[in-house]
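Let's take a friendly walk through this structure, starting with the ligand and ending with the empty spaces inside the protein.

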Amino acid sequence: MKCGASHKKWAGRCDACGEWNSISEEAPLAAGPSGKTLGAGKGRKVALGDLSDIDKPLPRMASGIDEFDRVLGGGMVPASAILVGGDPGIGKSTLLLQAAASFARSGKKAIYVSGEEAPSQIRMRAQRLDLTDAPVKLAAETNLRDIITTLEAERPDVAIIDSVQTMWADHVDSAPGSVSQVRATAHELVTFAKRRGVAVILVGHVTKDGQIAGPRVVEHMVDTVLYFEGERGHQFRILRAVKNRFGPADEIGVFEMTGSGLQQVTNPSALFLSDRENKTSGSVVFAGMEGTRPVLVEIQALVAQSPLATPRRNVVGWDSSRLSMILAVLESRCGIGFGNMDVYLNIAGGMRISEPAADLAVAAALVSAREDKPLDADTVVFGEISLSGALRPIAQADNRLKEAKKLGFSAAIAPSRMKLAGESGMKVQTVDDVGSFITACFGEIDA
Ligand code: TYD
Ligand code: MG
């Protein structure tokens with residue numbers, strides 16, 4: 001059961017997610033003493049409060065690593081549970097050791113429990129990161145009962161559990177990493193966090209298909225879910241909040257993996273655009289927003305005659321179904337066909353974009369590549385394309401323009417009907433639909 005669904009008996013195919021051969025036997029969670037349902041009348045009456053009884057908000061604990069704190073909405077909240085997911089080897093342990101050290105140096109008590117590495121290995125990493133003087137407490141342990149007992153005795157401010165898949169709860173009768181083990185481990189640790197006012201960070205490995213291995217259930221149990229992502233071969237790493245009960249979701253923190261650990265990148269736009277070649281066809285700069293922060297990224301497209309009956313559609317860093325939609329709109333609303341051509345789309349720098357506001361920049365890159373006509377190098381593009389080919393206005397246009405101005409761009413192409421608060425100093429050309437946008441940028445185009 002890859003999806004976490006449960007079945008009464010073995011079956012070849014899961015009814016819940018349609019996956020074949022993914023069902024395996026696991027012990028069910030313990031039922032009540034009699035094994036029956038709860039029944040009414042035996043519980044204790046709980047105290048009920050009013051919405052106006054607001055507790056004073058707890059102070060947040062900032063780690064001092066700004067990019068990390070930003071993603072959390074200004075630091076960690078005591079008594080909260082945070083899941084940090086990511087591919088193996090992406091840098092989760094490195095990030096959290098650095099965060100733990102930074103916490104500990106600010107006078108907070110931090111405990112780092114590793115189920116994957118021996119203390120000597122962690123110390124070696126700390127040496128490389130130049131953190132050996134930080135008063136972080138280490139343990140290499142996988143037995144959940146011992147870990148909880150230790151944490152109960154020590155009462156740290158922050159506890160890091162690396163990783164939830166290596167932990168083993170002895171009251172659950174299945175292997176570490178299995179759905180029931182991970183669920184039990186997460187449940188115990190989240191309960192501990194709430195009970196003792198400790199911020200608990202759980203590390204989770206993500207499987208190839210982008211799910212935290214086994215259970216998505218952990219995502220529902222914790223307060224905050226962060227993903228640490230990046231392309232292999234690129235040094236950039238992006239920490240992204242996908243769920244946050246205590247702050248904005250979709251906020252990102254940008255890091256660079258160096259020989260001595262993760263360095264913060266305070267101006268990601270400059271980094272993502274740093275090795276841009278000037279004025280090549282198929283390259284368009286998109287003025288995007290990631291959470292509260294504007295980020296400029298280069299979108300690259302390559303279009304070539306295809307020898308294949310079904311031409312290739314290759315996308316890195318963007319949604320491939322969204323690409324199909326843009327290609328369909330270009331074809332049926334503007335008569336610009338890509339039918340017998342291979343299409344490659346790449347977001348430079350290993351960045352992943354999920355904003356629909358990138359549509360117009362993608363369309364521009366595609367047409368620019370197909371026609372081999374570069375767009376002006378000092379121009380940024382943003383706007384969402386609807387199926388009719390019309391452009392929808394998008395939010396936060398002012399912030400996008402300000403960032404573009406700051407990075408030396410002087411013109412923008414954007415949807416009309418957009419609300420602009422102030423003068424940005426940019427030359428903004430507004431367009432109503434993709435067709436008129438393409439004519440304005442590239443002239444008349446043959447089908
Ligand atoms: P790690 O934090 O162990 O990844 P995870 O916990 O997500 O599995 O990161 C391991 C990678 O990071 C490894 O390939 C080596 C690289 N690395 C550096 O480039 N510089 C460093 O200073 C450190 C500690 C690791
Ligand atoms: Mg690790």
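## Around the ligand

Helix 2 makes the largest contribution to the shell around ligand 1, giving three residues. Keep in mind that this is a predicted model. Helix 2 spans 92-105, and along with helix 3 (119-128) and strand 8 (252-258) it is one of the elements that each supply at least two residues of the shell.

In total, 16 residues surround ligand 1, and those that come nearest are Gly89, Ser93, Thr94, Thr258 and Gly261. By character, the shell divides into eight polar, four charged and four nonpolar residues.

## Polar contacts and burial

Which ligand atom does the backbone of threonine 258 approach at 2.8 Å? Its partner is a nitrogen atom of ligand 1, which lies that far from a backbone N or O atom of threonine 258. Oxygen atoms of the ligand take part too: one is 3.1 Å from a side-chain N or O atom of arginine 125, and an oxygen atom is 3.4 Å from a polar backbone atom of isoleucine 90. Ligand 1 would expose 560 Å² if taken alone, and the protein buries 75% of that.

## Cavities inside the protein

Rolling a probe the size of a water molecule over the atoms reveals where empty space remains. Here, three cavities of 30 Å³ or more turn up, and the largest has a volume of about 50 Å³.

Twelve residues line the largest cavity, with Arg276, Ser283, Leu375, Asp376 and Ala377 nearest its centre. Strand 10 (residues 283-290) gives the most to this lining, namely three residues. The lining is made up of four nonpolar, four polar and four charged residues.

Notes
Residues are numbered from 1 along each chain as its sequence is written. Chains are lettered from A and ligands numbered from 1 in the order in which they are written. This is a predicted model: local features need pLDDT of at least 70, side-chain atom pairs count only at pLDDT 80 or more; totals for chains, interfaces and linings use all residues. Side-chain values use heavy atoms; hydrogens and water are left out. A residue is near a molecule or strand if one of its heavy atoms lies within 4 Å of it. A polar contact is a pair of N or O atoms within 3.5 Å; within protein, one must be able to donate a hydrogen and the other to accept it, and residues adjacent in sequence count only if both atoms are side-chain atoms. Accessible areas come from the Shrake-Rupley method with a 1.4 Å probe; for residues, only the protein chains shown count as cover. Helices (H or I, at least four residues) and strands (E, at least two) are DSSP runs, numbered from the N terminus. Ala, Val, Leu, Ile, Met, Phe, Trp, Tyr, Cys and Pro count as nonpolar, Asp, Glu, Lys and Arg as charged, and the others, Gly among them, as polar. On a 1 Å grid over the protein atoms alone, a cavity is a set of points where a 1.4 Å probe fits but cannot get out, and a pocket is an open set with protein on both sides within 12 Å along at least five of seven lines; lining residues have an atom within 4 Å of a point. Grid points are joined across faces, edges and corners, and a volume is the space filled by probe spheres set on the points.
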